[in-house]
Structures are given as structure tokens and as C-alpha cells.
Amino acid sequence: MAGTESGPRTDPARRSARADAPDAALGVTAETSGTSPSAAGRASAHPAAEGRGPAPELGRRALLTGGALGAGLSAVLGAGGALGFGAARTATAPVPGAAAAAETEPSLGPGGGLPGFGGESLPCHGPHQAGVITAPAAHVRYAAYRLRPDADAEALRRMFRVLTGDVEGLTSGEAPLADPEPELAARPARLTVTVGVGPELVDRAGAARPGWLAPLPRFDRDRLNGDFDGGDLLLAIEADDPLPISHAARMLERDLASFVEPLWRQRGFRRARGSEGDGTTMRNLMGQVDGTVNPSSSEDGFDGLVWLGREAGWLAGGTALVLRRIRMELDTWDMVDRPGREQTIGRRLSDGAPLTAPPAPPLGDGGERTPADFDAKDARGLSVIPVAAHIRRAHSSDPSERIFRRASNYDDGHEAGLLFACYQRDPLAQFVPIQRRLDEADLLNEWVTHVGSAVFAILPGFRPGETLGAPLFD
């Protein structure tokens, strides 16, 4: 019966054989995402895998003297927000989709080794869960749940055994034993299921709760209404095809129904896999390249920013996720001219380079990752990058404040914007200082509104024969 299984629900022999497959490249680079192979990624691939008072006012004159604003911007200046921007296509870009393909194994679906798009699976085993530093997929579905009143620690143990079998089966393409439509699981298209937990679940499991696992401090410009806030359990389901996402979500929700009830769901998207060269930073719905200054999993110090160590106890190998739903006011943004948009962000629309970068050459890298020169002045002595430009407000001289972002766009027909997801060791020390600066004075806040906020502890990874979430109960 669903919700009562006592162990993983896939064939251990097949699972063990799959765990012996050779390692593959894994990594993401991305103000804060694109993708590239990395040493850290290869090490974490498979079998070893992967109430504050009022904000201070900033006068109109102070904003204007930070740099000359476009005519379309002069009547609409604001303060606060949280997006990141940057990216350019290069003339020597590798084969599109190569980095994503390098991470995969053939699906274990009917017949195995299914040819063509969608027949690839991503290993789910390792010290870290898949879906954090793996190459971002084209589609994502975040689903949060509330625990049922009778879900005690023993019930949660059973729930995680069910989850383990489902994750192993769905991501491999083999399908869990209780899947009534295994054909829908056969082409996983790089499906990942990343599991996070909220404070109530940690308390019921009897584990020590980290201080950051709680709602974020209040930001003056937040307009949260509870529709997309908090949660006890999170499933982040990603794939390059929406069909396996839909099937996995239905399968998981059915099997978890004895333990949880739905709280909220959010769907996000990026460009289709292979439509742009590897390493190309995504563009958001405002047309801005979104996520340039992002730490890479291949660089020294990445683990210290993102992954929790032994001192975290049951969370060793896990990380903290902040998920913010940021509505974009696209109707009024469309009224702003191109210079005004670029002054708002501090970057060029064409290639994502900071306004202080040299002009982009006809071919090659336009300078997206050129460091911004915040001291640069124009001929009138005004700052080239305005004092309240987004990239200036987001910038920090403290390297420990960096976060690893993995954002996606959303458009549900009546509202559009950005699902801002970022990973770090401690949101209070890393995300919150950045967001406070943006909340106080950011030109972009005239056109963005934070309408959802949640914090989850992303569980450590697990190996074949282990149960996801087991350290919670040790």
C-alpha cells in the first residue's frame, strides 16, 4: 500500500549494477549561472556523486547623480529587489548541450539504452543530492507540502523509505515497482528530484534544527501573502522534458499522501537544452542576462560557500536553499527605454557586460565577466554605474557573502517573473546581507516585487542501499 513500504522499491541488483557505471563530468558556472564541466562536479557525479525598521530614504538627486539615467527611467525611480544579471555568447562555444550530456547514463527503462532525446538519466546517488550543481534543466517544478498532524518520527522514517525508492526508480528511468505507468518514466530526460525539509519536519524527527532554518527576516519591500511561503517538505523536480516531471510529481504526491498534504506548487523554465552554447548565462523575462557573478563548483572555496561539513551533524553534505518568487512588472518595464534599463541594472543588454566594460567586439566574448569598475566617472564626473544600480547594490567586498544561484523564469498566464533559488551554508550570513542592501536602495525595485519566500534544508546525498534522510533520525 502506498506510504507503508518498508524499504526501497527498486531491484537492488539492477541498482547496484547501475552504481558501477563510470564517472561523468558535472558542474555549473554562473552575478550569480551557466554551466561548465568541473573537477568538483566530477567528484560528486555518480556513485561517489554529487523586524527591521523603515529603510533609509535615498533622495532622487542622489540616485540621479550616481549616473545619467535614460529618459524613460527619469520618472520612475525606486528602491529594493533581488535579481542578478550578466552573459554573452562566444564564437568558440562548445557543442550546445555537451556539458549536460556528459553527466548522464542511459535510461534503465524498457529495453535500456533508449536512443534520442530524453533517454538520458542522471545518477541520484552520491555525497550530495543531484539537482544542485548539475547542469540546470529546461524545466523545474517546486512543490511544498505540509505534514499531516499524525506524521510522527516513525511515520517520517517510512515516508523517507518511500521517497528513496521513488527517487531511485524515477530518475533512472526504471520506474519504482509500484508505478502503474512505467512507460512514462522510461525517458527521464535528466530528471532529478531534490528533497528539502522545513523546521517542523526537523522538529518532529527529533533532530537539532540549525538557526537559519526559519522564515527570513522581514524586508520592507516584501509583499508576501502566504501563497508561496514556507513548507515542511520540498520536492524540486527538474528535467529537460515536462512529461517526466508531471509523471514524477503525480507519482510522488500519491505515495506521500499518507504523510503530507500539498501546500503550494511553482513551475519554472529556461531555454531548451542545446539551444544555446554551454556556459551561456540565462536571460530572464526582462531580457537581461541573469546570473553572471556566480561561484563555480570548480573553484577553490566553493564547498565552503555551499556544502555543509561535519559540524552540521545530520546535514553534513547538505546545503541551505532560499527560494524567492519575484514578480516582474513587465508592462511598466516595457515603457523604459534601453539606456534606462541598462542604467537600472548597471549592465549592457546586448551582452551582459558592465557599463564600464570596453565596447563589445563584433565576434567573441563581449566582456560579460569583466569586473565592474564602480569608481569610473563619465565626462561630467558622474558615476558610470549609478549609485543605486542593481549590480552596485548587490556587490559585496566580503567573499563569504557569496551565494550559488540556480534561477528560472515563470509565467503562469496572469503573472510572470523569476524563481530565485540560491544555495549556501547559512542564509543569515550570506543571502540576508545582500537582500538588505537591495531592499534599502535598488533601482530595479520599481519593477520587481517579492511575493513568495521559503527556506529549506536540502538533505545530504545517499548511496545505493541507503535511505535518503536517514541521518535525520540518527
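Biologist: Why is Ala189 called buried?

Modeller: This is a predicted model, and in it Ala189 has a relative accessible area of 0%. Buried means under 20%, so Ala189 counts as buried. Ala189 lies in the loop between α6 and β4.

Biologist: What makes the phi of Ala189 worth a remark?

Modeller: Its phi is near 50°, a positive value, and the residue is not a glycine. Most residues other than glycine have a negative phi. Ala175 goes the same way, with a positive phi near 75°. Ala175 sits in the loop between α5 and α6.

Biologist: How do you know whether Ala175 is buried or exposed?

Modeller: Its relative accessible area is 6%. The cut-off for buried is under 20%, so Ala175 is buried.

Biologist: Back to the loop between α6 (182–185) and β4 (192–197), where Arg190 has its place. Why is Arg190 called buried?

Modeller: Arg190 has a relative accessible area of 1%, and under 20% is what buried takes, so the word applies to Arg190. Leaving aside neighbours within four places in sequence, Arg190 is in contact with a list of residues including Glu103, Glu120, Glu238, Asp240 and Arg273. The C-alpha atoms of Arg190 and Thr171 are 7.3 Å apart, with their positions 19 residues apart along the chain.

Biologist: What makes Val197 count as buried?

Modeller: Val197, in strand β4, has 0% relative accessibility. That falls under the 20% limit, so Val197 is buried. Beyond its neighbours within four places in sequence, its contacts include Phe160, Leu213, Trp314 and Phe456. Val197 and Gly469 are 272 residues apart in sequence, yet their C-alpha atoms are 9.4 Å apart in space.

Biologist: How do you know that helix α5 reaches close to its expected span?

Modeller: α5 runs over residues 153–172, which is 20 residues, and goes 29 Å from its first C-alpha to its last. The span expected at 1.5 Å a residue is 28 Å, so the two values are close.

Biologist: Why is α5 called mostly covered?

Modeller: Of its 20 residues, 15 are buried, and each of those falls under 20% relative accessible area. So "mostly covered" fits α5. Right after α5 comes Gly173, whose phi is positive, near 90°.

Biologist: How many disulfides does the structure hold?

Modeller: Zero. A disulfide is a covalent bond between the sulfur atoms of two cysteines. To be counted here, a pair of cysteine sulfur atoms must lie within 2.5 Å, so the count of zero says that no pair meets that limit.

Biologist: And how do you know whether Cys124 and Cys422 are buried or exposed?

Modeller: Cys124 has a relative accessible area of 6% and Cys422 has 0%. Under 20% is buried, so the word holds for Cys124 and for Cys422.

Biologist: Which residues lie nearest the centre of the largest cavity?

Modeller: Ala137, Val140, Glu238, Arg270 and Ser408, out of 13 residues that line the cavity. Two elements, β3 (139–147) and β6 (260–269), give two or more residues to that lining. β3 gives the largest share, three residues. About 70 Å³ of space lies in this cavity.

Biologist: What classes of residue make up the lining of the largest cavity?

Modeller: Seven are nonpolar, three are polar and three are charged. Ala137, one of those nearest the centre, is also in contact with Arg190, and so is Glu238.

Technical notes: Residues are numbered from 1 along each chain as its sequence is written. This is a predicted model: local features need pLDDT of at least 70, side-chain atom pairs count only at pLDDT 80 or more; totals for chains, interfaces and linings use all residues. Side-chain values use heavy atoms; hydrogens and water are left out. On a 1 Å grid over the protein atoms alone, a cavity is a set of points where a 1.4 Å probe fits but cannot get out, and a pocket is an open set with protein on both sides within 12 Å along at least five of seven lines; lining residues have an atom within 4 Å of a point. Grid points are joined across faces, edges and corners, and a volume is the space filled by probe spheres set on the points. Helices (H or I, at least four residues) and strands (E, at least two) are DSSP runs, numbered from the N terminus. Ala, Val, Leu, Ile, Met, Phe, Trp, Tyr, Cys and Pro count as nonpolar, Asp, Glu, Lys and Arg as charged, and the others, Gly among them, as polar. Buried means under 20% relative accessible area, exposed over 50%, partly exposed in between (1.4 Å probe, protein chains only). Contact means heavy atoms within 4.5 Å.
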